[in-house]
Amino acid sequence: MNRLLRSVIERVVKIGDLAITDPSGIIHHFGDRTGDPVHVWIKTKQAERAIALDPTLHVGEAFMNEEVDFLRGDMLALLRLVYNNSAWSNSQSGRSLDAFRNLFKRFQQLNTEKRSRENVHRHYDLSGELYKLFLDEDMQYSCAYFERPDMTLEEAQAAKKRHIAAKLDLKPGQTVLDIGSGWGGMGLYLARDFGVDVLGVTLSTEQHAVSTERVQSEGLENHVHFELRDYRSLSERFDRIVSVGMFEHVGVNHFKTFFDTAATLLKPDGVMVLHSIGRNAPPLATNAFIRKYIFPGGYVPSLSEVLPHIERAGLMVTDIEILRHHYADTLKVWRERFLLNRERAKAIYDERFCRMWEFYLSGSEAAFRWQDMMVFQIQITKRNDVLPVTRDYIYERDHAAPLPLLPESISPRRQRTRKRAGQK
């Protein structure tokens with residue numbers, strides 16, 4: 001076995017039962033032989049060297065390229081064993097790599113409007129048939145809200161939408177902006193159940209086509225409209241702003257622009273809810289594998305990076321909620337469904353793609369379950385008298401009966417939106 005790799009593993013793995021078969025066929029054992037055994041086969045010396053120098057990137061790459069396989073256990077089991085040993089994150093090698101990557105993180109997130117469209121295309125314009133293999137029926141591609149541990153994914157995603165709607169404190173006839181509207185599920189839900197007018201914006205051509213078709217199929221053209229545009233190009237003002245799973249793509253260089261724009265678009269008595277992946281630790285550069293293969297330009301912020309920009313934009317934080325294991329449980333279901341439909345995914349793409357996604361889903365679940373990843377929901381206003389003074393209303397409205405849809409009249413804002421879209 002590569003001597004550097006052996007040295008790294010010996011420093012990291014003190015507990016657990018890890019076996020590694022090296023390219024020469026020799027089996028090496030690490031840990032104290034407790035817990036579920038994991039047996040990894042590293043097939044090439046090239047993979048050995050690469051993993052020794054930068055495991056964060058090259059374990060995933062070697063797995064994608066079939067240079068690493070499992071004789072016992074799987075990728076999630078390996079990550080659990082590694083994360084249960086804290087030595088890597090505290091080792092000199094780990095700190096050095098993190099510090100080096102932090103030097104360049106701003107250059108990796110120069111997300112201009114053009115580059116943002118390219119980044120979105122890399123991930124969100126993949127075949128819709130792929131996402132249907134593991135998402136819920138409403139195509140919610142963000143953290144669900146598991147109010148009870150026995151909830152199905154569909155129930156937990158519905159609970160997530162209700163929870164966010166409760167924090168928005170919606171009134172019939174209000175105008176709502178959905179920044180990063182995805183396949184349209186949130187916008188359609190808000191219009192259908194709360195009688196509001198929704199404008200959703202996305203940079204994904206695939207998601208825009210699907211969401212627009214859903215509006216037509218549900219007969220909500222008078223109340224919901226989705227546009228293929230960057231939020232930075234908007235000038236209209238809204239009663240409510242919601243953004244779910246989009247802020248991770250803004251990039252640290254553009255936090256000021258994001259909140260300055262939100263402040264311009266939000267009415268004086270408006271409410272905004274921001275739902276985003278975050279980090280329960282000091283700022284750190286994006287995981288190398290995720291940045292290269294899954295979310296180019298993406299960045300998971302610490303709250304310490306976000307709150308100053310909200311304050312400087314003249315906005316006011318009225319509530320922050322941290323969702324801890326909710327995303328781990330969401331990803332668990334996604335991973336299980338993806339693996340159940342793996343052959344169908346392979347027919348759409350290929351084996352390498354399936355391995356890439358298996359590593360992505362396993363690594364993400366592990367990060368939320370055993371590392372410092374979480375989801376935050378920040379409720380934002382411009383005034384401190386806009387919302388009730390206690391949080392009781394959120395949980396009361398979480399389970400209240402939905403409001404009736406507005407009568408089939410077209411609000412002035414919707415008339416302008418329909419005219420822009422060329423509708424009659």
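Where is the place of Asp178? Asp178 sits in strand E5, and the views below start there. This is a predicted model, in which local features need pLDDT of at least 70, side-chain atom pairs count only at pLDDT 80 or more, and totals for chains, interfaces and linings use all residues. Residues are numbered from 1 along each chain as its sequence is written, and side-chain values use heavy atoms, with hydrogens and water left out.

**View 1. Asp178 is a buried acid without a salt bridge.** Buried means under 20% relative accessible area with a 1.4 Å probe, protein chains only. A salt bridge needs a side-chain nitrogen of Lys or Arg within 4 Å of a carboxyl oxygen of Asp or Glu. For Asp178, the nearest side chain of opposite charge is Arg214, 9.8 Å away. Beyond its neighbours within four places in sequence, Asp178 has contacts (heavy atoms within 4.5 Å) that include Met186, Gly187 and Val242.

**View 2. Helix H10, residues 185-194, is mostly covered.** Helices are DSSP runs of H or I with at least four residues, and strands are runs of E with at least two, numbered from the N terminus. In H10, 9 of 10 residues are buried, among them Tyr189, Asp193 and Phe194. Its cover includes helices H9 and H11 and strands E5, E6, E7 and E8. After H10 comes Gly195, with a positive phi near 65 degrees.

**View 3. Helix H4 (residues 75-84) meets helix H17 (residues 351-370).** Their axes come within 9 Å and cross at roughly 35 degrees, where axes are lines fitted to C-alpha atoms over the stretch in contact and angles run from 0 to 180 degrees between N-to-C directions. On the H4 side, the meeting residues include Leu76, Leu79 and Tyr83; on the H17 side, Phe359 and Trp370 are among them.

Notes
Buried < 20%, exposed > 50% of the residue type's maximum accessible area, 1.4 Å probe, protein only. Lys, Arg positive; Asp, Glu negative; His and termini not counted.
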